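Student: Could you take one helix from this chain and walk me through it closely? I'd like to see how it sits among its surroundings, and then how those surroundings are put together.

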Amino acid sequence: MAVSASYEATARAGDAPLPDAVPETAPGPGAPPPELVVRGLRKTYEAETAPVRALRGVDLTVGHGEFVALMGPSGSGKSTLLHLLAGLDRADEGSVTLAGVRTEELGAARLARLRRRHVGLVFQFFHLIDHMSALENVALAALVAGAKPAEATERARDLLDTLGLLEKQGERPAALSGGQRQRVAIARALANRPTLLLADEPTGALDSDGAAEVLDLFTRLHRDGQTILMVTHSADVAGGAQRIVRIRDGVLLDADTSGEPS
Ligand SMILES: Nc1ncnc2c1ncn2[C@@H]1O[C@H](COP(=O)(O)OP(=O)(O)O)[C@@H](O)[C@H]1O
Ligand SMILES: [Mg+2]
C-alpha cells in the first residue's frame with residue numbers, strides 16, 4: 001500500500017523544474033559529488049505513552065557508486081532513516097542532500113519529483129501488485145514517471161532481461177519464488193534509473209537461495225556503477241557490501257562523514 005500511495009503522490013507531483021543541483025560538499029577535481037549527504041538528522045514519533053526518539057542526530061555520506069550496508073538491532077531507526085532519505089516522511093531537524101539537492105528546502109511536489117528521479121526503493125515484502133504481471137509491475141513505475149507506454153514496456157523488458165527474468169515477464173507475483181519476486185521489485189525500483197537505490201531488509205523475507213540471488217544482483221548492479229544503501233540484519237548479506245555502517249538507538253556508531261573534503 002505504501003508503494004501505490006507513493007506512486008499516486010509522484011503522479012500528482014507535476015513537472016515544476018527542480019532548482020539547479022548545488023553539491024553541499026565540494027568534490028575533488030573531476031570527482032562526482034556524493035549521492036547522499038545526511039547531517040544531524042533527527043526524528044521523534046509522538047507515541048501515546050512517551051515520544052520515541054527514533055533518530056538522534058545521524059550523519060552519513062554515501063559516495064557515488066558506493067555499496068553501503070546499514071546494520072543495527074530491531075528498533076534502532078533503520079527504516080525511519082530510509083523513509084526520510086526516500087522523502088516519504090520529513091525529519092524534525094537536519095539535512096538530507098540527494099544528488100546535490102537539499103531536500104528540506106523543497107515543497108512536496110518538488111520533493112516527490114526528486115524522489116521519482118533519483119531514488120529507487122526496495123522493501124522486505126516486495127509490495128508488488130498482485131493482479132499485474134512482472135512486466136506490468138515494472139512498466140507501471142516508468143509510466144507513473146511520465147514514460148510513454150511503449151517506452152515503459154521496452155524499459156521494463158530490458159530490465160527483466162538484465163535481471164534474468166525475461167521468461168517470467170508474463171507471470172503474476174504469486175507464480176514466482178520469493179527471490180524472483182524481489183528481483184522484479186528491484187527491476188521496478190530501477191525503472192527510472194535512480195541514482196540511489198535504497199533497500200530495507202531486501203533479503204529479510206527470503207530463504208538462503210533467494211537471499212543469495214538478491215545479493216548477487218546487488219553486487220552486479222554495484223559493479224555496473226549503481227549506488228546502493230541496503231539495510232540488513234544479516235552479517236552474511238552485509239558482507240557483500242563495500243562498507244558497513246552500524247546504527248544503535250538512533251545514532252550511527254561512527255559518525256560517518258567520509259567523502260568530505262579534508
Ligand atoms: N510511525 C511510528 N510511530 C511511532 N513509533 C514509531 C513509528 N515508526 C517507528 N517507530 C519507533 O521508532 C523506533 C525506530 O523504528 P524503525 O525505524 O522502524 O527501526 P528498525 O527499522 O531499525 O527496526 C522504534 O522504537 C519504533 O517502535
Ligand atoms: Mg525496519
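Tutor: Let's take helix α6, residues 178-189, and start with its length, bearing in mind that this is a predicted model. At 1.5 Å a residue, its 12 residues should span 16 Å, and the end C-alpha atoms are indeed 16 Å apart, so expectation and model agree.

Now for its environment. Of the 12 residues of α6, 11 are buried, so the helix is largely enclosed by the rest of the structure. The buried ones are Gly-179, Gln-180, Arg-181, Gln-182, Arg-183, Val-184, Ala-185, Ile-186, Ala-187, Arg-188 and Ala-189. For context, 45% of the 262 residues in the chain count as buried. An α-helix has 3.6 residues a turn, so residues three or four places apart point the same way.

So what does the covering? The cover over the buried residues of α6 includes three helices, α4 (134-144), α5 (149-162) and α7 (208-223), along with the strands β6 (119-122) and β7 (196-200).

Those two strands are worth following. β6 and β7 run parallel, joined by 4 bridges, and Gly-120 sits opposite Leu-197 of β7. On β6, Val-119 and Leu-121 point one way while Gly-120 and Val-122 point the other, and all of them are buried.

Both strands belong to an open sheet of 6 strands with mixed pairing, ordered β6-β7-β8-β3-β9-β10. β6 and β10 (251-252) are the edge strands, each with a single partner, so one side of each has no neighbour in the sheet. Going inward from β6, β7 pairs with β8 (residues 227-231), again in parallel, over 5 bridges. Here Asp-200 stands opposite Val-231 in β8.

Helices pack on this sheet too. α7, which we met as part of the cover on α6, touches β3, β7 and β8, and its direction makes about 155° with that of β8. α2 also packs on the sheet, in touch with β3 (67-71), β7, β8 and β9 (243-248), with its direction at about 150° to that of β7.

α2 (78-85) takes us on to ligand 1, as α2 and β2 (52-62) each supply at least two residues of its shell. α2 gives the most, with 3 residues. The residues surrounding ligand 1 are Tyr-45, Ala-47, Val-52, Ala-54, Gly-72, Ser-74, Gly-75, Ser-76, Gly-77, Lys-78, Ser-79 and Thr-80. By class that shell has 4 nonpolar, 7 polar and 1 charged residues.

β2, for its part, leads to another sheet. This one is open as well, with 4 strands in the order β2-β1-β4-β5 and antiparallel pairing. Its edges are β2 and β5 (101-102), each with a single partner strand, so one side of each is left without a neighbour in the sheet. Further in, β1 (residues 36-45) and β4 (residues 93-98) pair in the antiparallel sense over 5 bridges, with Arg-39 facing Ser-95 of β4.

Stepping back to the whole chain, the secondary structure comes to 8 helices and 10 strands. Among contacts with a separation of 6 or more, 73% are between residues 24 or more positions apart. And back where we began, α6 has 11 of its 12 residues buried, with β6 and β7 among the elements that cover them.

Note on methods
Residues are numbered from 1 along each chain as its sequence is written. Chains are lettered from A and ligands numbered from 1 in the order in which they are written. This is a predicted model: local features need pLDDT of at least 70, side-chain atom pairs count only at pLDDT 80 or more; totals for chains, interfaces and linings use all residues. The expected span of a helix is 1.5 Å times one less than its number of residues. A residue is buried if 20 or more other C-beta atoms lie within 10 Å of its own, exposed if 12 or fewer, and partly exposed in between; C-beta atoms are placed from the backbone. Two residues are in contact if their C-beta atoms, placed from the backbone, lie within 7 Å. A residue is near a molecule or strand if its C-beta atom, placed from the backbone, lies within 6 Å of it. Ala, Val, Leu, Ile, Met, Phe, Trp, Tyr, Cys and Pro count as nonpolar, Asp, Glu, Lys and Arg as charged, and the others, Gly among them, as polar. Two strands pair if DSSP finds at least two bridges between them. Axes are lines fitted to C-alpha atoms, for helices over the stretch in contact, and angles run from 0 to 180 degrees between N-to-C directions.
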